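Hi there,

Here is the structure I promised to pass on to you. Please have a look at it first, and then read on for what turned up.

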Amino acid sequence: MKLFNMSRVLVRAFGAAALAAGALAAQAEALTMASTTSTEQSGLFSHLLPAFKQSSGIDIKVVAVGTGQAIDMARRGDADVLFVHDTAAEEKFVAEGFAAKRFPVMYNDFVLVGPKADPAGVKGQDIVAALKKIAATHAPFVSRGDKSGTDAAERRLWTQTGIGEAGQPLPNDKKGTGYKECGCGMGPALNIAASSGAYVLADRGTWLSFKNRADLAVLVEGDKRLFNQYGVMVVSPAKFPNLNSAGAQKFVDWVISPAGQSTIAAYKIGGEQLFFPNATR
């Protein structure tokens, strides 16, 4: 009887050890991704990440913040993989040794959204001319002001207006009295614009998935300066050896592969494609 009981104890012990080992293995195959609010709020990751898990068995936890915050997070070693949209900042991240390489993944574009009545008269294809009109008429304008990729793009566009000192970032007081920074993500910025009849620069993906449009409409689109490229990087295992770099590399390899690229292309809202894969271009 004692031998029988001992056998049962051993079986249970081995079973518990096997379960613990399995749990550790599963934990090792979980990734943390630092990414932008646009990829999350547009619904892309809800479409993309289950397909990756089906292919790899790897779970990904997404921390969706502005691109600047996402890069800072990766710079601290708090993310395994980085998926953002500020090419200049991404290239600097690589140059500083925080990633070995940046991979282009997909693109879409920015659009200037505003009240359908368009009181500032910005409608057209020239984003810089539109911003000049907004400043001149002191029209309400919501800026994210959160160091995101969208915020960085908007600041570059304001600089191109030539309103301020040549080659210098345009001070906020030159953008009209209606200019306000919310320090928020794309969805909240659109909500503020919808409730206040303001203009706002948005990525098309979040705009297409945005439900609370009120009187807002796309007023400026098609300007080549509104091009919006996304990139992906494995955070450096040399700097942060405790990260799941192998798993991160599996995600990067998959998302730039034909399977990942076709999954991105397949994501649509109302029949309209939100992101366009360009990893091989």
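Which residue of strand 3 does methionine 33 stand opposite? The partner is valine 81. Please keep in mind throughout that this is a predicted model.

That pair belongs to a parallel pairing: strand 1, residues 30-36, and strand 3 are joined by three bridges. On strand 3 there is also an antiparallel partner, strand 9 (residues 227-234), with four bridges between them. One residue to look up there is leucine 82, whose bridge partner in strand 9 is methionine 233.

Strand 3 itself spans residues 81-84, and both of its faces are covered. Val81 and Phe83 are buried on one side, while Leu82 and Val84 are buried on the other. As background, side chains in a regular strand alternate between the two faces of the sheet.

Now for some totals. The protein has 281 residues, and 49% of them count as buried. Eleven helices and twelve strands make up its list of elements. If you take the contacts between residues at least 6 apart in sequence, 74% of them join residues at least 24 apart. The accessible surface is about 13200 Å², and carbon and sulfur atoms account for 57% of that.

Back in strand 1, serine 35 deserves a stop. Is serine 35 buried or exposed? Its relative accessible area is 0%, and as anything under 20% counts as buried, serine 35 is buried. The side chain of serine 35 makes a polar contact of 2.9 Å with the side chain of threonine 39. Leaving aside residues up to four places away in sequence, serine 35 touches Phe45, Val62, Val63, Ala64, Val65, Ala70, Phe83 and Val84. Two of these names, Phe83 and Val84, appeared above among the buried residues of strand 3.

Next comes helix 8, which covers residues 186-196. Its buried residues are Met186, Gly187, Ala189, Leu190, Ala193 and Ala194. Seen down the helix axis, these buried residues fall within an arc of 160°, so they line one face of helix 8. Their cover includes three other helices, namely helix 2 (37-41), helix 7 (149-159) and helix 9 (204-209). Strand 5 (141-143), strand 7 (199-203) and strand 8 (216-220) are also included in that cover. After helix 8 comes glycine 197, with a positive phi near 65°.

The sulfur chemistry is quickly told. How many disulfides does a search of the whole structure find? There is one, and it links cysteine 182 to cysteine 184, with the sulfur atoms 2.0 Å apart. The angle about the S-S bond is -85°, which makes the link left-handed. The two cysteines fall into separate accessibility classes: cysteine 182, at 26%, is partly exposed, whereas cysteine 184, at 13%, is buried.

One last residue is aspartate 72, in helix 4 (residues 67-75). Its relative accessibility is 40%, and because the partly exposed class lies between 20% and 50%, aspartate 72 belongs there. Between the C-alpha atoms of aspartate 72 and phenylalanine 93 the separation is 9.5 Å, with the two positions 21 residues apart along the chain counted as their distance in sequence.

Happy to talk it over whenever suits you.

Best wishes

Note on methods. Residues are numbered from 1 along each chain as its sequence is written. This is a predicted model: local features need pLDDT of at least 70, side-chain atom pairs count only at pLDDT 80 or more; totals for chains, interfaces and linings use all residues. Side-chain values use heavy atoms; hydrogens and water are left out. Helices (H or I, at least four residues) and strands (E, at least two) are DSSP runs, numbered from the N terminus. Buried means under 20% relative accessible area, exposed over 50%, partly exposed in between (1.4 Å probe, protein chains only). Contact means heavy atoms within 4.5 Å. Accessible areas come from the Shrake-Rupley method with a 1.4 Å probe; for residues, only the protein chains shown count as cover. Two strands pair if DSSP finds at least two bridges between them. The arc is that of the directions from the helix axis to the C-beta atoms. A polar contact is a pair of N or O atoms within 3.5 Å; within protein, one must be able to donate a hydrogen and the other to accept it, and residues adjacent in sequence count only if both atoms are side-chain atoms. A disulfide is a pair of cysteine sulfur atoms within 2.5 Å.
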